[in-house]
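I opened this model to look up its enclosed and open spaces, and then one residue of interest. My notes follow in the order I took them.

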Amino acid sequence: MNIKQIKALLEGNPSEQEVEELRQDERIGVHKLLEGYYKKKKAILVERERFEVLLKYEKAFYQEGYSLIAGIDEAGRGPLAGPLVVAAVVLPKNVFISGLDDSKKISASKRNRLYQEVLEKALSIAVSIVSVADIDKYNIYMATKRSMENITKYLTWAPDAILVDAMPIEVPSTKVLSLIHGDALSASIAAASIIAKVTRDELMERIHMEYPQYAFQSNKGYGSKEHMEALKKYGITCWHRQSFEPVKSMCKAGSSCITNNKSEFTKLK
C-alpha cells in the first residue's frame, strides 16, 4: 500500500493484524502515521476514562435501581437582560459523548457540535424559557427553582431520578440529588448545560437583531462595558431585568419599561 492508502486505513478501524503488519514496514512515513495513530488511540482511551468518571453519579443511581435519570441545568442567571433558560436531558445508560463538559469551559463551536450530538443521543430533552417578566416577578432564584421543578413534566420519558446543578429542588415521587458544580461532575447535567447555553445564546443573538446597539450577540446580556454604555445612552428595553441593578434604578416610575415576554416550555425530543 502507498502512504495515502495507509493513512486512510489508520483513520478507519484497522485490525490488530493490519497494524502489526504496518509496524514491520520500514518506511519513515509509515512510522510517522503509526505514531499519530497510537497518539490518537491513547487520547480516545483517556477521554473514555474521563467520561466514565463523569458518569459516577448516574451509575450510583443505576445501582440503586433507578433507570431514567434526568440532568437539569440553567444558563443566564447572572445577566442584566434576556430570559433564563433551563434544560433537562435524559441520557441512555451506555452513552458516550466525547468532549462533553461544563458548557462554560468550552468554545462556542465545540458547544454547537456537542449540542447536536446530545440531541441525537439523548432519550429525551426539554427546555424552559423563563421570561424576564417572571424573573422580575418571582426573583431570579425562585424563577430558576420553579422552572427546574416543573421542567421534567415536559420530558417524553418521565425520570425516576434527577441530578441538578446546585439548586435544591423537590419533585414529587422523584429522587433528587443537587450537586455543586454539577455540570463538571455529571454527564447528564453537563448535557443539560450544553442545551441550555446554546439555546440561550441563540435567543440573545435574535434579540440583538432587534436591539443591535446593546451588542447582545457578544455580551449575551451580561454587564459588559459596551452594554453598560448603551444602557446609559439608550435606556432599557423590554428584555432588561428590572429587578436587577443597575437596571432597576434606570426604570423610573411611570415609564414605559414593560416586560411582556412570556415563559414557555419546549420538548426538543
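Entry 1, the cavity. I worked on a predicted model. I counted cavities of 30 Å³ or more and found one. I put the volume of this largest cavity at about 40 Å³. I then listed its lining: Leu55, Glu58, Tyr62, Ile69, Leu91, Pro92, Val95 and Ser188. Sorted by class, I have six nonpolar residues, one polar and one charged around the largest cavity.

Entry 2, the largest pocket. I noted a volume of about 360 Å³ for the largest pocket. I find 16 residues in its lining, and Leu10, Gly12, Pro14, Tyr37 and Lys41 are the closest to its centre. I next asked which elements give two or more residues to this lining. They are helix H1 (3-11), helix H2 (16-23) and helix H3 (28-54). I marked H3 as the element that gives the most, with seven residues. By class I wrote down seven nonpolar, four polar and five charged residues for the lining of the largest pocket.

Entry 3, the second largest pocket. I have about 280 Å³ as the volume of the second largest pocket. Its lining also runs to a list, with 16 residues in it. Nearest the centre of this pocket I find Ile129, Thr199, Leu203, Arg206 and Glu264. Strand E3 (124-130), helix H8 and strand E6 (264-267) each supply at least two lining residues. I checked which element gives the most to the second largest pocket, and H8 does, with five residues. The classes here are eight nonpolar, four polar and four charged.

Entry 4, Asp183. I went next to the loop between strand E5 (175-179) and helix H8 (187-210), where Asp183 sits. Is Asp183 buried or exposed? I read a relative accessible area of 4% for Asp183. The cut-off for buried is under 20%, so I entered Asp183 as buried. I then looked up what Asp183 touches, leaving out residues up to four places away in sequence. Among its contacts I noted the acidic-named entries Asp73, Asp101, Asp102 and Asp165. Lys104 is also on the list of residues that Asp183 touches. The contacts of Asp183 further include Ile189, Ala190 and Ser193.

Technical notes. Residues are numbered from 1 along each chain as its sequence is written. This is a predicted model: local features need pLDDT of at least 70, side-chain atom pairs count only at pLDDT 80 or more; totals for chains, interfaces and linings use all residues. Side-chain values use heavy atoms; hydrogens and water are left out. Buried means under 20% relative accessible area, exposed over 50%, partly exposed in between (1.4 Å probe, protein chains only). Contact means heavy atoms within 4.5 Å. On a 1 Å grid over the protein atoms alone, a cavity is a set of points where a 1.4 Å probe fits but cannot get out, and a pocket is an open set with protein on both sides within 12 Å along at least five of seven lines; lining residues have an atom within 4 Å of a point. Grid points are joined across faces, edges and corners, and a volume is the space filled by probe spheres set on the points. Ala, Val, Leu, Ile, Met, Phe, Trp, Tyr, Cys and Pro count as nonpolar, Asp, Glu, Lys and Arg as charged, and the others, Gly among them, as polar.
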